[in-house]
Amino acid sequence: MSVSTTTEKTGLSQIRRLEPVKLWNHFADLNAVPRRSKQEKKVIAFVKQFGLSLGLETQVDAIGNVLIRKPASPGMENRLPVVLQSHLDMVCQKNADVKFDFDSQGIEMVIDSDWVRAKGTTLGADNGLGVAAIMAILESDEIEHPPLEALFTVDEETGMTGAKGLQGGWLQGKILLNLDTEDDRELTIGCAGGIDITATHKYLPEETPAGLFGFRLTVKGLSGGHSGMQIHEGLGNANRIMNRILWGAASEFEFHLVEIDGGGLRNAIPRESVAVIAVNGDQADELQAWVDREAEIIVAEYRLTDPNAKINYEPLEHPPATIVPAKLQKYLLGTIYGIHSGIYRMNPEIGDLVQTSNNLARVLVKDGAITIGCLARSSVNSERDEMANAIRAVLELTGAQVESDGGYTGWVPMPNSKIVKLMTAIYEELFDERPHVSACHAGLECGIIGTNYPDLQMISFGPNILGAHSPDERAQISSVQKFWKLLLATLRQIPG
């Protein structure tokens, strides 16, 4: 047995001994199952078998959502029935130098002081810890609870199609506890909606003129993160930074764009981008010196939010075979520069809440095809659509075909609902402080579920998870214990 394998198994065995033991064991079991968004067959089968093995009523709907019903604890049959809800899929991101296959490998976890993290990949704590908590409650014969419905939805991260496909009349619960908030001081009672904007364009690559040299420009090491929950933190966006360098260089030098490959998932702030350009030999050294100076400026600008940022510029062994036509290159770099990315408007009533934003998530220019992808979010549907229209207008200037899809509505806060008042009081009693009851800028499934279940009282909470949607994702062990304590106390005190 190799040393690395021994270390991994030791780390996993330590995680399985963390408190609450049942929760962490179910999280370890879940993380052994591949569960990329839209590739959830294995995890659906895993959860379905779990419910059946407990002898509980277990159903799977046409879209893949799993529903497990558990009768109330003795003496709690007359309490209001509760839906415990989390999503099965996870964001699959890894560092560029990490070899990992999310479709066949389980997540490799380690303990780092008071945190559990993965080895160079996303951890899946979003929303795997919620799933694991629900599994622990379903399995227990000791936890007091009202009649329960455990709802495990699919594809939350890339379209919320599980929540969108949830049919009315399937759920019988009166209160929904969503376990997908990532700050243990928060009781979330509202969220933003969102819409995907995708531009595609075909072009005919031109043959690279003789005498040019190829160079690779790389932006990497950015912090990345959740494009909703962390959009206000001013984190570097690799696509924006790459375009800033290319557009600036084009104003000073003559070069030919070959390709760009930046970003990935819509809901992740891009961490890396790679571009290839072709340059005349007599300009190569001067251009490299210019890029080095710009890199120093940019890295200094982001020194606090992205301390590991790096911008590299290196020669290629052979010149590229083709280039992007010069006229398209000019329009393309200008168009990307014109796309708004980041906060668009703050909520005028709640000063620290982002109301509308956009994430320039994906830029791919290669082999005669261009793809640019954004995710616009807003708690106001009309502003969400206005943001999407503004982006569309800019993208269409290049002649691109632009589509807006995957739209989902926000969740309107109901601060005076019984479950909000109950959990606020429980939190104060348990932790001797008042929770932060608020809406968030992320997309939660509650708003979509509420369209078919308008009378369902809903609230979201969870443990501290930092760096979600990036390989820096980590979950705080002590916070998981706090979250578990709040969850169990809430179930015990659900009213009749």
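The following dialogue between a trainee and a mentor asks how the labels used for this predicted model are justified.

Trainee: What should I know about the model and its numbering before we begin?
Mentor: This is a predicted model, in which local features need pLDDT of at least 70 and side-chain atom pairs count only at pLDDT 80 or more, whereas totals for chains, interfaces and linings use all residues. Residues are numbered from 1 along each chain as its sequence is written, and side-chain values use heavy atoms, with hydrogens and water left out.

Trainee: How do you know what confidence the predictor has in the protein chain?
Mentor: On the pLDDT scale, which is the predictor's confidence in each residue and runs from 0 to 100, the mean for the protein chain is 94, and 98% of its residues reach 70 or more. Over residues 1–9, however, pLDDT stays under 50, and the model has four contacts for them beyond four places in sequence, a contact being heavy atoms within 4.5 Å.

Trainee: Why is Thr121 called buried or exposed?
Mentor: Buried means under 20% relative accessible area, exposed means over 50%, and partly exposed lies in between, with a 1.4 Å probe and protein chains only. Thr121 has 1% relative accessibility, and therefore counts as buried. This residue lies in the loop between strand E5 (115–118) and H4, and, leaving aside neighbours within four places in sequence, its contacts include Phe100, Phe102, Ile107 and Pro471.

Trainee: And why is Ser113 called buried or exposed?
Mentor: Ser113 has a relative accessibility of 65%, so it counts as exposed. Ser113 is placed in the loop between E4 and E5, and its phi is near 60 degrees, a positive value in a residue other than glycine.

Trainee: What makes Asp367 exposed?
Mentor: The relative accessible area of Asp367 is 69%, and so Asp367 is exposed. Asp367 sits in the loop between E19 and E20, with a phi near 50 degrees, which is positive in a residue other than glycine.

Trainee: How do you know that the length of helix H9 agrees with what is expected?
Mentor: Helices (H or I, at least four residues) and strands (E, at least two) are DSSP runs, numbered from the N terminus, and the expected span of a helix is 1.5 Å times one less than its number of residues. Helix H9 has 15 residues, 381–395, so it should span 21 Å, and its end C-alpha atoms are 21 Å apart, which agrees.

Trainee: Which residues of H9 are buried, and what covers them?
Mentor: The buried residues of H9 are Glu383, Arg384, Met387, Ala388, Ile391, Val394 and Leu395. They cover an arc of only 140 degrees around the axis, which puts them on the same side of H9; the arc is that of the directions from the helix axis to the C-beta atoms. Among the elements that cover them are helix H8 (326–338), strand E19 (354–366) and strand E20 (369–378).

Trainee: How do you know that the span of helix H7 agrees as well?
Mentor: The 21 residues of helix H7, 281–301, should span 30 Å at 1.5 Å a residue, and the end C-alpha atoms are 31 Å apart, which agrees. The elements covering its buried residues include strand E11 (212–220), helix H6 (238–252) and strand E15 (273–280).

Trainee: What makes E15 mostly covered, and how does E15 pair with E11?
Mentor: Six of the eight residues of E15 are buried. Two strands pair if DSSP finds at least two bridges between them; E11 and E15 have eight, in the antiparallel sense, with Leu212 opposite Asn280 in E15. Strand E13 (residues 255–263) also pairs with E15 in the antiparallel sense, over seven bridges, and the bridge partner of Ile260 in E15 is Ala275.

Trainee: Which residues have the most contacts inside the largest nonpolar core?
Mentor: A nonpolar core is a set of buried Ala, Val, Leu, Ile, Met, Phe, Trp, Tyr and Cys residues joined through side-chain atoms within 4.5 Å. The largest one has 70 residues, and Phe152, Leu177 and Leu487 have the most contacts inside it. Helix H4 (residues 125–139) gives the most to this core, with 10 residues. Apart from it lies another core, of 50 residues, among them Ala275, Leu287, Leu328 and Ile391.
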